[in-house]
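The following note sets out points for consideration alongside the sequence and the structure. Each point takes up one element, contact or residue.

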Amino acid sequence: EGVNPQEYTLIKLRVKEIPEAWDLEDTPVFLVAATLRPETMYGQTNCFVLPEGQYGLFRTKEGEIFVCSQRSALNMYYQDILEEKENSTSPRCLMSLSGQELVGLPLEAPLCQYSTIHVLPMFTISMSKGTGVVTSVPAEAPDDYICLRDWKTRANWRDQYNVKEEWCVPFEVQEILTFDGDGEDEASFASAPAVCEQMKIGSHREKDKLAAAKKEVYQKGFYSGIMNVGAYKGQKVADVKAKIKEDLIEKGEALAYFE
Ligand code: A2H
């Protein structure tokens, strides 16, 4: 962790069918995903967790339940997001779960074009960054694009990790940004799928190639991207990013988080 705190937006992904074993009845439960790109949430197709990662259920001050890493729960406790516990320096974990136990859960995600998306595994998630939960926007994030493509195309991986075809195959990359005056070619060149295909990235385990792709897509998206969907359609990403974040926070669908 560096000297300058990084501010993330935590996106609240509501669990649509709460497993009975969690014994929570009607309490609202959310997987919380840390993102630097709240303006891309229109393009969500799924969510990712680390199968061997340890996650926990934690109660917030508002009486909701968040699913996230233990480490991020401690940060949230100090940031006054989680329920206070008297004479304690750490939050209470209601239940501990592996990422694999979250795979397949149906979620409702803010701004998402699909009414239900699912949790899939991603092997490159770091449990010491964000919440350990990553929401997936394949149009703008090379990691997300390649990982979703892995689950769509690799039946043997799906069998091994209990991933159903219908959790990944039907979900299309949504064109959420366009690029100023450049016409179609430039726009499609800057998208994550185009950059990844051009770089011939074979699987989401190819971290170095993905880091290079990420840099290219990110710069282009932030500095020349124009919203192609939603309330700010036609406006520059750089001008509306903060507003989209504030709108989500105001609606109770996201919150600011630092680390
Ligand atoms: B971003 P930074 Cl559209 N492990 O959100 C691996 N990756 C993680 C993570 C973890 N524990 N927690 C968050 N992330 C991802 C959207 C997005 C992101 C787009 C484009 C680029 C992008 C949708 N996924 O990130 O190391 C999250 O993915 C490019 C950097 O703190 C989060 O933002 O800089 C980003 O990495 C945070 O990475």
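Which residues of β2 lie on one side and which on the other, and are they buried or exposed? The points below begin with this strand; the model is a predicted one.

1. Burial of β2. On one side of the strand stand V29, L31, A33 and T35, and on the other F30, V32 and A34; all of them are buried, and both faces of β2 are thus covered. Since seven of the seven residues of β2 are buried, the strand is largely enclosed by the rest of the structure.

2. Strand partners of β2. Strand β1 (residues 7-15) is joined to β2 by six bridges, and the two run antiparallel. Within this pairing, R14 has F30 of β2 as its bridge partner. With strand β5 (residues 65-69), β2 pairs in the parallel sense over three bridges. Here L31 is placed opposite V67 of β5. F30 and L31, which take part in these pairings, are on opposite sides of β2, and both are buried.

3. Strand β3 and its pairings. The side chains of strand β3 (residues 46-49) are divided between two directions: N46 and F48 point one way, C47 and V49 the other, and all are buried. β3 pairs with β9 in the antiparallel sense, over four bridges, and C47 stands opposite T135 of β9. The pairing of β3 with strand β8 (residues 117-121) is parallel and comprises three bridges. In that pairing the bridge partner of V49 is P121 of β8.

4. Surroundings of the ligand. The ligand is surrounded by 20 residues, of which the closest are T35, G130, V137, E140 and A141. One of these, T35, also belongs to the buried set in β2. At least two residues of the shell are supplied by each of β2 (29-35), β9 (133-136) and α6 (207-224). The largest share, three residues, comes from β9, the strand that pairs with β3 in the antiparallel sense. By class, the shell consists of seven nonpolar, eight polar and five charged residues.

5. Packing of α2 against α6. How do these two helices lie relative to each other, and which residues make the contact? The axes of helix α2 (residues 142-153) and α6 come within 8 Å and cross at roughly 125°. An angle of this value lies between the ranges for roughly perpendicular, 65 to 115, and roughly antiparallel, over 145, and α2 and α6 are therefore oblique to each other. On the α2 side the contact is made by P142, D143 and I146, and on the α6 side by L210, A213, K214 and V217. The contact has five nonpolar residues, no polar residues and two charged ones. Helix α6 also supplies at least two residues of the shell around the ligand.

6. Positive phi angles at E25 and K200. E25 has a positive phi of about 50°, although it is not a glycine. The residue is placed in the loop between β1 and β2, and it counts as exposed because 7 C-beta neighbours lie inside 10 Å. K200, also a residue other than glycine, has a positive phi near 50°. Its place is in the loop between α5 (192-198) and α6. With 8 other C-beta atoms within 10 Å, K200 is exposed.

7. Residue E253. E253 is located in the loop between α7 (237-250) and β12 (254-258). Is this residue buried, exposed or partly exposed? Its 19 C-beta neighbours inside 10 Å fall short of the 20 needed for a buried residue, so E253 counts as partly exposed. Apart from neighbours within four places in sequence, E253 is in contact with K12, P110 and L248. Between the C-alpha atoms of E253 and W151, which are 102 residues apart along the chain, the separation is 28 Å.

8. Residue K245. K245 is part of helix α7. As 21 other C-beta atoms lie within 10 Å, K245 is buried. When neighbours within four places in sequence are left aside, the contacts of K245 are with T9, P38 and A254. The C-alpha atoms of K245 and S96 are separated by 30 Å, and these residues are 149 residues apart along the chain.

Technical notes. Residues are numbered from 1 along each chain as its sequence is written. This is a predicted model: local features need pLDDT of at least 70, side-chain atom pairs count only at pLDDT 80 or more; totals for chains, interfaces and linings use all residues. A residue is near a molecule or strand if its C-beta atom, placed from the backbone, lies within 6 Å of it. Ala, Val, Leu, Ile, Met, Phe, Trp, Tyr, Cys and Pro count as nonpolar, Asp, Glu, Lys and Arg as charged, and the others, Gly among them, as polar. Axes are lines fitted to C-alpha atoms, for helices over the stretch in contact, and angles run from 0 to 180 degrees between N-to-C directions. Angles under 35 degrees count as roughly parallel, over 145 as roughly antiparallel, 65 to 115 as roughly perpendicular and the rest as oblique. Two residues are in contact if their C-beta atoms, placed from the backbone, lie within 7 Å. A residue is buried if 20 or more other C-beta atoms lie within 10 Å of its own, exposed if 12 or fewer, and partly exposed in between; C-beta atoms are placed from the backbone. Two strands pair if DSSP finds at least two bridges between them.
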